[in-house]
Amino acid sequence: MSTERAMVVVGAGECGARAVFELRDAGWTGPITLVGAEDVHPYERPPLSKAVLTGDAAPVPVRDADALREADVEFVAGVAASDIDRDRNELVLADGRRIPYERLLLATGASARRLPLFGVSYLRSQADALALRDRLRPGARVGVIGGGFIGLELAASATARGCAVTVVEAEPRLLSRAVPAEVAAVVADRHEQAGVDVRCGTGVAAVRDRGVLELTTGETLDCDVVVAGVGAVPETALAKNAGLAIDNVENGVRVDDRLRTSDPDIFAAGDCCSFPHPLYGRIRLEAWRNAHDHAVTAARNLLDADEPHTAVPWFWSDQYDLNLQIAGLPDAATSEVVRQRSDGVETRFGLGADGTLLSAAAVGTGNAVAKDVRLAEMLIAARAMPDPASLADPDTALKALLRAAKSTPQPA
Ligand SMILES: Cc1cc2nc3c(=O)[nH]c(=O)nc-3n(C[C@H](O)[C@H](O)[C@H](O)COP(=O)(O)OP(=O)(O)OC[C@H]3O[C@@H](n4cnc5c(N)ncnc54)[C@H](O)[C@@H]3O)c2cc1C
């Protein structure tokens, strides 16, 4: 292992693995070390609840195996970083090795939130997905705890494999976090059409032996497989032990708008950190695009570019033939405008109290919603304050609203 000062990245997930390539693209020619706790090549997580579960698809690498070698990145796999010696600028690995760093990026992601119940599986890693796939046999009775994105993608994939699926959600509706109720209702209908038994307003009190779910309604549910998708918890142990500022357990490692932690030589990015956004205040996102966008900003700022991170959040989910997309954060909006196209596709825009566009959410089959949500994302980035009537009118092109927004100076 090199003793020359290096750029060191902890966490070989979406964000960390992208960041090492961005460092090269941004001109860093010195050593780069990528440390990953998992004993595998960096892979994409989104397919794990989709194509990897439904078929025999292999996990998809972030970049192919040769790319890390060609970029001259030293990849230390299967070893967790256990400490940061901030006095000596050294990362300490669980096997005792020490790696000196010029700058350090924490991209430690998040892990599946655990329930205090026995006999429950989770889906976060490639190993989780491959183990689960083997158990999702045709006819298997699958109990999914949690009607959020992971739980619902799992339900759709298990249904596609011929399983009999029940989703148990404690909230009164599915996707209650950050998805407009009408969009969530379309998704709920599609699950019911596919034969999924969706039970909202129902909790799980206990899991008895042999997969018997005891529900808060007093009913019991016999399951062959019980799997929970009840959120993710940011991986902050390393940062916390090193005395770096943490927002709180939920909000992860606290960084500024340059993604710099409370130590000027250490940055954090992706699912593990909370950061200030110019439109939404301090947020922590669990989204593929954010991990990617953070990797770009963090890599550039590791090299002193001193650029703020301002990218508009964007998220997608695929369930059956449905594709759901959200730009911005619907929860930040105080009013809503609905635009209904002649083909039936509805986009729900969220506006702030001053009329600034803050979000757009839509669900449709195939690629139907992609263009409008992409334009909405550009409108949000332009800090557009569109006339609500024009926004609602499908005959007014979103491109025209974007041109208008760009030609009108918007408040910073
Ligand atoms: C099943 C699934 C499906 C998803 N689908 C979608 C989707 O459809 N759309 C979407 O927008 N987002 C989706 N996401 C979310 C998206 O994948 C994540 O937001 C993204 O992976 C975050 O990237 P990250 O690099 O920050 O964290 P992670 O991908 O979690 O990677 C962090 C890595 O750091 C490693 N690590 C942690 N601590 C240490 C340590 N101390 N030392 C060394 N290594 C360490 C971990 O083992 C892990 O490999 C999905 C996530 C999952 C799990």
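Tutor: Domain bounds here come from an automatic or database domain assignment. The model is predicted: local features need pLDDT of at least 70, side-chain atom pairs count only at pLDDT 80 or more, and totals for chains, interfaces and linings use all residues. Residues are numbered from 1 along each chain as its sequence is written, and side-chain values use heavy atoms, with hydrogens and water left out.

Student: Which domains does the assignment give?

Tutor: It gives domain 1 (6-111 + 232-302), domain 2 (114-228) and domain 3 (321-407). The C-alpha centres of domain 1 and domain 3 are 32 Å apart.

Student: How many residues of domain 1 and of domain 3 are in contact?

Tutor: Contact means heavy atoms within 4.5 Å. By that criterion, 6 residues of domain 1 are in contact with 8 residues of domain 3.

Student: How should I read the area between domain 1 and domain 3?

Tutor: The size of an interface is often given as the accessible area lost when the parts come together. Here the loss is computed with a 1.4 Å probe and summed over both parts. Domain 1 and domain 3 bury about 570 Å² between them, with 67% of it on carbon and sulfur atoms. On the domain 1 side, Leu279, Tyr280 and Arg289 supply 81% of the area buried against domain 3, more than any other three residues.

Student: Which residues around the ligand are the closest?

Tutor: A residue is counted if one of its heavy atoms lies within 4 Å of the ligand. There are 31 such residues, and the closest are Cys15, Glu38, Arg45, Lys50 and Arg124. The shell draws at least three residues from each of domain 1 and domain 2.

Student: What polar contact does Arg124 make with the ligand?

Tutor: A polar contact with the ligand is a pair of N or O atoms within 3.5 Å. A polar side-chain atom of Arg124 lies 2.7 Å from a ligand oxygen atom. Taken alone, the ligand exposes 1,000 Å² (Shrake-Rupley method, 1.4 Å probe), and the protein buries 93% of that.

Conventions. A polar contact is a pair of N or O atoms within 3.5 Å; within protein, one must be able to donate a hydrogen and the other to accept it, and residues adjacent in sequence count only if both atoms are side-chain atoms. Buried area is the accessible area (1.4 Å probe) that two parts lose on being put together, summed over both.
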